[in-house]
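Welcome, and please open the model in your viewer with the cartoon switched on. We will go from one selection to the next, and at each stop I will tell you what is there.

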Amino acid sequence: MVMGDLKFCPKEGLSRWVEELSREHTVLVPQQAGDAVEFLPFAEGSELSLDRQPTAPPKKSVFPQTETLMRFEYQKDPEHPDRQTLQIKETLPGKEKTVILGCRPCGARGFSVFDPVFGQGEYLDPYYQARREHTVFVSLACRHPENTCFCNWVGGGPADSAGSDVLMLPAGGGYVLRPVTDQGRQIVEVGGFEDASPEQQTEADRLAEEAAENLSPAPELEEVPDKLFELFENLDFWELMAAKCISCGACTYLCPTCYCFNISDEYSGLQGKRIRTWDNCMSNLFTHEASGHNPRPTKAQRLRNRVGHKFSYYPKLHEQVFACCGCGRCIKSCPMSVDIREIVLSAKEYADE
Ligand code: SF4
Ligand code: SF4
């Protein structure tokens with residue numbers, strides 16, 4: 001961190017900063033929408049809702065719920081009516097910059113689970129990459145973690161900066177702005193803020209520490225990937241864990257780190273488009289094959305896949321990183337109170353017995 005990097009944004013200066021940013025970027029900010037808090041484009045008069053965790057994470061800004069991958073059209077050859085040519089037009093996202101301001105640190109960290117799958121290594125997803133490169137995350141450190149939060153179990157924290165470009169730390173009736181990347185530094189410069197004073201910096205650090213202390217202590221999870229693997233064939237365990245589940249899928253749709261998708265073609269006459277849509281591994285249809293066979297016909301097998309993917313298969317492939325940022329949305333939104341923390345801890349204990 002370079003001296004003078006930390007700036008102070010007074011509370012009343014926040015809307016002005018967002019307004020400035022929205023002149024050249026699409027700025028998505030949490031706003032009240034009915035009972036939910038959603039990331040919506042900032043417009044004149046928009047009110048930011050920063051006091052509670054947004055209902056859904058900012059996932060769809062980089063990985064839309066539905067996106068067109070390409071358009072196609074069959075064209076008949078007038079001289080040879082039995083022949084057709086196929087024109088394909090790729091529909092890559094544009095290069096406009098998007099700023100997501102006011103997500104929680106866990107929301108930004110969620111993309112570090114996507115990156116090794118979509119944006120690095122052998123197989124690159126140009127749609128994901130284009131949006132990811134042009135999106136800047138300004139995260140707001142949490143002051144009051146909820147009782148469903150467990151970011152500290154999976155390497156995060158209320159003031160974690162992984163995945164963020166700027167971290168906003170509440171202090172002194174405003175926010176200390178801590179740029180994390182060069183893109184973040186440029187975004188902060190737009191606000192023309194004064195340097196944060198040493199007192200403001202100290203208060204920001206103190207409040208961040210207090211928030212971290214309010215989380216329940218993190219258990220040791222190092223052995224969990226192996227323990228879950230050992231339990232793979234133990235369907236009694238998984239039936240017990242899935243007993244309450246009604247396969248509604250709320251947990252997957254609201255999860256910042258779930259990335260399964262489906263690809264389908266939609267036609268109208270000779271034209272069509274290929275679309276990608278989010279899928280849901282808790283649904284019976286997720287693995288339903290055209291033959292009628294379903295390798296995961298029971299909810300126990302589906303829950304095993306969901307928890308196993310996040311806490312066993314993914315960390316085994318990706319340097320022991322869990323595919324969960326501990327946001328707690330799956331716990332909060334589950335109509336049947338299924339708690340992924342209890343499943344992970346039960347797996348740890350059950351395998352020991
Ligand atoms: S599994 Fe649950 S706690 Fe973990 S990132 Fe997904 S919604 Fe959040
Ligand atoms: S939200 Fe709860 S009930 Fe719905 S699929 Fe997920 S675990 Fe099952």
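Start by selecting residues 7–10, strand E1, together with residues 174–179, strand E9: the two run antiparallel and are joined by four bridges. Within this pair, show Cys9 and look across to Tyr175, its bridge partner in E9. Keep in mind throughout that this is a predicted model.

**The whole sheet**

Now widen the selection to the sheet around that pair. Eight strands make up an open sheet with mixed pairing, and the order to follow across it is E3-E2-E6-E7-E8-E9-E1-E10. Color E3 (36–41) and E10 (194–195) next: these strands stand at the edges with a single partner strand each, so one side of each has no neighbour in the sheet.

**Around Leu28**

Which strands should you select to see both pairings of E2? Take E2 (residues 26–33) with E6 (residues 98–103), a parallel pair with three bridges, and then E2 with E3, an antiparallel pair with six bridges. Leu28 is a handy residue to center on here. In E6 it stands opposite Ile100, and in E3 it stands opposite Pro41.

Follow E2 into E3 and you trace a hairpin with two residues between the strands. Stop at Gly34 in the turn, where phi is positive, at about 65°.

**Two domains**

Zoom out and color the protein by its domain assignment. Domain 1 covers 7–64 + 93–213, and domain 2 covers 224–352. If you place a marker at the C-alpha centre of each domain, the two markers are 27 Å apart. Select the residues in contact: 29 come from domain 1 and 27 from domain 2.

How much area do domain 1 and domain 2 bury between them? The value is about 2,500 Å², with 64% of it on carbon and sulfur atoms. Show Lys59, Val113 and Phe150 as sticks, since no other three residues give more: together they supply 23% of the area that domain 1 buries against domain 2.

**Polar links across the boundary**

Stay at the boundary and turn on the polar atoms. Between domain 1 and domain 2 there are 14 residue pairs in polar contact, counting pairs with both residues at pLDDT 80 or more. Two salt bridges also link domain 1 and domain 2. For a salt bridge to inspect, select Glu146 and Lys332, whose closest N and O atoms are 2.9 Å apart.

**Helices on the domain 1 side**

Next, select helices H2 (59–62), H3 (105–109), H4 (111–119) and H5 (126–133): each supplies at least two residues of the side of domain 1 that touches domain 2. H4 gives the most, with six residues. Color this side of domain 1 by residue class and you will find 18 nonpolar, six polar and five charged residues.

**Last stop: H4 and H5**

Keep H4 and H5 selected and show Arg132 and Asp115. They form a salt bridge, with the closest N and O atoms 2.8 Å apart. Arg132 lies in helix H5 and Asp115 in helix H4, 17 residues apart, so to speak of this pair is to speak of a link between distant parts of the chain. The model's full count of salt bridges comes to 16.

Note on methods: Residues are numbered from 1 along each chain as its sequence is written. Chains are lettered from A and ligands numbered from 1 in the order in which they are written. This is a predicted model: local features need pLDDT of at least 70, side-chain atom pairs count only at pLDDT 80 or more; totals for chains, interfaces and linings use all residues. Side-chain values use heavy atoms; hydrogens and water are left out. Domain bounds come from an automatic or database domain assignment. Contact means heavy atoms within 4.5 Å. Buried area is the accessible area (1.4 Å probe) that two parts lose on being put together, summed over both. A salt bridge is a side-chain nitrogen of Lys or Arg within 4 Å of a carboxyl oxygen of Asp or Glu. A polar contact is a pair of N or O atoms within 3.5 Å; within protein, one must be able to donate a hydrogen and the other to accept it, and residues adjacent in sequence count only if both atoms are side-chain atoms. Ala, Val, Leu, Ile, Met, Phe, Trp, Tyr, Cys and Pro count as nonpolar, Asp, Glu, Lys and Arg as charged, and the others, Gly among them, as polar. Two strands pair if DSSP finds at least two bridges between them.
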